[in-house]
Amino acid sequence: MNNYARLSLIAAAALTLVACGKQEQAAEGGASAPQAEAGGEAVVKIGQVSPMTGPISHLGKDNEFGALLAVEDLNAEGVEIGGKKVKFELVSEDDQGDPKIGTQVAQRLVDAGVVGVVGHLNSGTTIPASKIYSDAGIPQISPSATNPDYTKQGFKTTFRVIANDVQQGTALGQFAVEGLKAKKVAIIDDRTAYGQGLADEFEKAVKGKGASVVKREFTTNTATDFNAILTSIKATQPDVVFYGGMDAQAGPLAKQMKRLGIKAKLMGGDGWQTPEFVKLAGDASEGQYASSCGVPRDKMPGFAEFDKKFKAKFNTEVQIYAPYEYDAVRVLVDSMKRAGSTDPKKYLAEVGKTDYTGVTGKIAFDDKGDIKNGAVTVYQVKNGKWEVVSTVGGEPVAAAAAPAASAAQ
């Protein structure tokens, strides 16, 4: 071996040792410190995950927009943490609503050195991804995942700023029986952690109130043809058909119910209490019911200003979760301020102590990470728009009058 070759090998080995040392240091430090300097400001990365491609990409972009607006506002405010001015950077990932991809992008965010994560949107992606964030010690706040299992895992890193499916399913089930006087109920779900979980809670609630479930069917979160399922359901003559899933399926489902002459009301949860459902279902949306976790927008303390900024920046309507995504980002940063650090190891404990009033209302967490006194609001489509029917939980609000018994006909 000549001297040149020997020196080259020694140099390569030295570089490898340096690189390994840096990797080990990064693994030990994780996201414990600001990642870079920009104009004298420490750059702090916050992760965001939602499905930004696929059938519910409109909801995923809605979430991302909420986070982007929060980061923009925080940077305009000139936030200081531990006596040092910081600049926040959003690192956004698309999980496509797929659990496998969800875990992949979660690891990518950990590797990118984010100090906290807002997301994911779907329960089916949020739950498996939460293990990765927990292992890394990174706080995760979901603005939209409602399956109770997310916070039942015992992780110290998991939080949500929205009511869960026990609260939502119970409110919907009680409304179906007490508000709509339903005696026979048919249930369909999309077999996702969200859709099936909500349908299960709804079933418990209606049975607990004395109604009977005459049919329980399931589909997928990509289906568009429900004629076979609906034909089977029609024969049972239900008063209410409940669908646990998202608006991409609920819209066609409502249309096909009308085409088949099914007189039952269609009910569901926050996954399709959206402007998109009304658009997809057309005139078949009229009179249908769905809930959303949270108080009505006109009762949210900061929604009017948020909505104005949102429309001006993105030139589109708020779908569902953008205000909750905005609040989730701000809760993370509020916790950093109180801890005087952006190091997840130092500020994580402060997240659980949150007492914060945001765009959506008061935010405080129980020992599992669920929002305390989470509100659920039931809506009905009237003249092509969602209108409030009643609200359960949350800050005291004036509930709308219950629908007349004839509404169930």
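## A well-connected phenylalanine

Which residues does phenylalanine 88 touch, not counting those up to four places away in sequence? In this predicted model, phenylalanine 88 touches Val44, Ile46, Val71, Leu74, Asn75, Val79, Ile81, Val333 and Met336.

## Two nonpolar cores

Phe88 belongs to the largest nonpolar core, which has 44 residues. Along with Ile46, Ile141, Phe306, Phe310, Val329 and Met336, Phe88 is among the members that touch the most others. Strand 2 (41-50), helix 2 (57-77), strand 4 (84-94), helix 11 (303-314), helix 12 (322-339) and helix 13 (344-351) each bring at least two residues to this core. The top contributor is helix 12, with 9 residues.

Another core lies apart from this one and holds 32 residues, including Ala171, Leu172, Ala199 and Val389.

## An open sheet

Now to the strands. An open sheet of 7 strands follows the order 9-8-10-11-12-15-16, with mixed pairing. Strand 9 (212-218) and strand 16 (385-392) are at the edges with a single partner strand each, so one side of each has no neighbour in the sheet. On average, neighbouring strands are turned by 25° against each other, direction ignored.

Within this sheet, strand 8 (residues 184-189) and strand 10 (residues 240-244) run parallel and are joined by 5 bridges; alanine 186 has valine 241 as its bridge partner. Helix 8 (residues 227-234) packs on the sheet, where it touches strand 8, strand 9 and strand 10.

## How confident is the prediction?

The protein's mean pLDDT is 89, and 86% of its residues reach 70 or more. Residues 2-32, however, have pLDDT below 50, and residues 396-409 stay under 50. Where pLDDT is low, the predicted coordinates should not be read in detail.

Definitions and conventions
Residues are numbered from 1 along each chain as its sequence is written. This is a predicted model: local features need pLDDT of at least 70, side-chain atom pairs count only at pLDDT 80 or more; totals for chains, interfaces and linings use all residues. Side-chain values use heavy atoms; hydrogens and water are left out. Two strands pair if DSSP finds at least two bridges between them. Helices (H or I, at least four residues) and strands (E, at least two) are DSSP runs, numbered from the N terminus. Axes are lines fitted to C-alpha atoms, for helices over the stretch in contact, and angles run from 0 to 180 degrees between N-to-C directions. Contact means heavy atoms within 4.5 Å. pLDDT is the predictor's confidence in each residue, from 0 to 100. A nonpolar core is a set of buried Ala, Val, Leu, Ile, Met, Phe, Trp, Tyr and Cys residues joined through side-chain atoms within 4.5 Å. Buried means under 20% relative accessible area, exposed over 50%, partly exposed in between (1.4 Å probe, protein chains only).
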